[in-house]
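Biologist: Please take a close look at one part of this model for a reader who is new to it: the surroundings of the ligand. Then set that part in the rest of the chain.

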Amino acid sequence: MTTLTPDARTEIWRQLLLEHAEDHAFVRAQFGIAAEPDYADRVLASHNTAPWAVGSIGVLDAMVLRDMVHGIRPGRVIEIGTAAGTSALLLARAMRECGCAGDGEPVVHTFDLHPWCYFDRSRAVGSAIDEAEPETAALIRRRVGVTAIDAGEEFAGHNIEMAFVDADHRHPAPVVDVLALLPAMAPGGWIVLHDTNLPAEADRYEKLKGTRVDWKQHGAKWLFDSWRHEKLVLPRHKNIGAIRVPADGTLTAEEFRACVDNPAMPWEMEPSPAAMRLLDL
Ligand SMILES: C[S@@+](CC[C@H](N)C(=O)[O-])C[C@H]1O[C@@H](n2cnc3c(N)ncnc32)[C@H](O)[C@@H]1O
């Protein structure tokens with residue numbers, strides 16, 4: 001197997017970003033902000049991942065998250081699913097860039113079920129944050145051994161304008177995460193979902209590598225596809241998307257029935273008793 005040099009990898013990422021100029025302009029237009037002529041360089045600067053950190057968002061996801069932060073200018077972001085800390089760092093850097101990071105207090109609150117990185121148990125969750133520039137790291141608060149249910153309880157009533165869900169992708173886990181976060185979310189707040197096209201990504205990977213993968217999971221895709229309220233569907237990159245909490249803030253488990261209680265969308269995991277209560281089952 002050939003290993004890419006960091007420069008070669010950066011060049012590939014730059015090309016990918018340039019090929020997705022339409023997505024960059026689309027997201028920014030949704031929020032009434034102008035596209036940036038030099039966005040590819042800016043995204044690359046914010047997405048400077050630790051070399052050992054795998055299993056993180058890709059560079060196109062980084063572009064979208066950064067644009068959404070710039071558009072929403074949230075006072076705080078909740079993230080579910082920390083892993084190495086790559087996306088938490090991206091979010092914090094984007095908040096610094098657009099001047100909504102406040103006075104140095106944590107503004108990115110990232111929650112993970114596990115204390116270690118899922119791809120390497122010798123590394124603590126969020127280790128990449130410890131290796132990053134201190135002024136960004138200081139903006140991130142990590143909690144481990146927790147889920148979206150804890151996040152929703154901690155931030156209930158805080159009118160969070162943006163959350164990023166990138167945790168358990170098995171159906172119906174992402175529905176549980178969204179339901180759990182609702183008490184914390186502002187009416188009209190945005191919840192960004194990662195891996196909204198994971199089954200197709202898995203198929204592509206299997207074909208390319210000639211191997212089988214165990215991550216062909218439908219949770220984020222089925223939730224995103226069946227969302228009946230406002231959502232952000234990108235023109236080209238399909239593996240990230242955002243759903244918007246209705247302006248009146250009301251959403252019940254009933255809204256999710258079409259995807260949770262549907263024989264065409266079989267469950268891929270067994271939710272905890274607390275999660276079952278959220279699902280109203
Ligand atoms: C794909 S990784 C997150 C990657 C990270 N967002 C990034 O881009 O750098 C998924 C993470 O979710 C965590 N996780 C799995 N189930 C979870 C749950 N129910 N609640 C919170 N975290 C969970 C895993 O331990 C793992 O670290």
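Modeller: The ligand has 21 residues around it, and those that come nearest are Ser-56, Gly-81, Ala-83, Thr-86 and Ser-87. This is a predicted model, so the description below rests on computed values. Sorted by class, the shell around the ligand consists of ten nonpolar, eight polar and three charged residues. Two elements, helix H5 (86-97) and strand E2 (108-112), each supply at least two residues of that shell.

Strand E2 leads from the ligand into a sheet. The sheet is open and has seven strands in the order E5-E2-E1-E6-E7-E9-E8, with mixed pairing. At its edges are strand E5 (140-144) and E8, each of which pairs on one side only. Within the sheet, strand E1 (residues 77-80) and strand E6 (residues 160-165) run parallel to each other, paired over four bridges. In this pair, Ile-78 is opposite Ala-163 of E6.

Ala-163 also belongs to the largest nonpolar core, which has 76 residues. Leu-65, Leu-91, Ala-163, Leu-181 and Ile-191 are the residues with the most contacts inside this core. The element that gives the most to the core is helix H4 (residues 59-72), with eight residues. In soluble globular proteins, nonpolar side chains tend to be buried together. Leu-91 shows how parts of the chain meet: leaving aside residues up to four places away in sequence, Leu-91 touches Leu-65, Val-69, Val-77, Glu-79, Val-108 and Phe-164.

The loops beside these elements have some backbone features to look at. Arg-73 lies in the loop between H4 and E1. Its phi is near 50°, a positive value in a residue other than glycine. Arg-73 has 16 other C-beta atoms within 10 Å and is therefore partly exposed. Asn-159, in the loop between helix H8 (148-154) and E6, likewise has a positive phi, of about 50°, although it is not a glycine. Asn-159 counts as partly exposed because it has 15 C-beta neighbours inside 10 Å. In the loop between E6 and H9 is Pro-172. The peptide bond that joins His-171 and Pro-172 is cis, with omega about 5°.

Another element to follow is helix H11 (residues 219-226). Six of its eight residues are buried, so H11 is largely enclosed by the rest of the structure. The buried residues of H11 are Gly-219, Ala-220, Lys-221, Trp-222, Leu-223 and Phe-224. They pack against several elements, including helix H9 (173-181), strand E7 (185-194), helix H10 (198-209) and strand E9 (240-244). Strand E8 (231-232) and helix H12 (257-260) are also among the elements that these residues pack against.

Last, the chain as a whole. The protein chain has 13 helices and nine strands. Of its 281 residues, 43% count as buried. Among contacts between residues at least 6 apart in sequence, 77% join residues at least 24 apart. The C-alpha atoms fill a box of roughly 50 × 50 × 40 Å, taken along the principal axes. A compact globule with 281 residues would have a radius of gyration near 19 Å, and the protein chain, with 18 Å, agrees with that.

How values were computed:
Residues are numbered from 1 along each chain as its sequence is written. This is a predicted model: local features need pLDDT of at least 70, side-chain atom pairs count only at pLDDT 80 or more; totals for chains, interfaces and linings use all residues. A nonpolar core is a set of buried Ala, Val, Leu, Ile, Met, Phe, Trp, Tyr and Cys residues joined through C-beta atoms within 7 Å. A residue is buried if 20 or more other C-beta atoms lie within 10 Å of its own, exposed if 12 or fewer, and partly exposed in between; C-beta atoms are placed from the backbone. Two residues are in contact if their C-beta atoms, placed from the backbone, lie within 7 Å. The radius of gyration is taken over C-alpha atoms; the globule rule is 2.2 Å times the number of residues to the power 0.38. A residue is near a molecule or strand if its C-beta atom, placed from the backbone, lies within 6 Å of it. Ala, Val, Leu, Ile, Met, Phe, Trp, Tyr, Cys and Pro count as nonpolar, Asp, Glu, Lys and Arg as charged, and the others, Gly among them, as polar. Two strands pair if DSSP finds at least two bridges between them.
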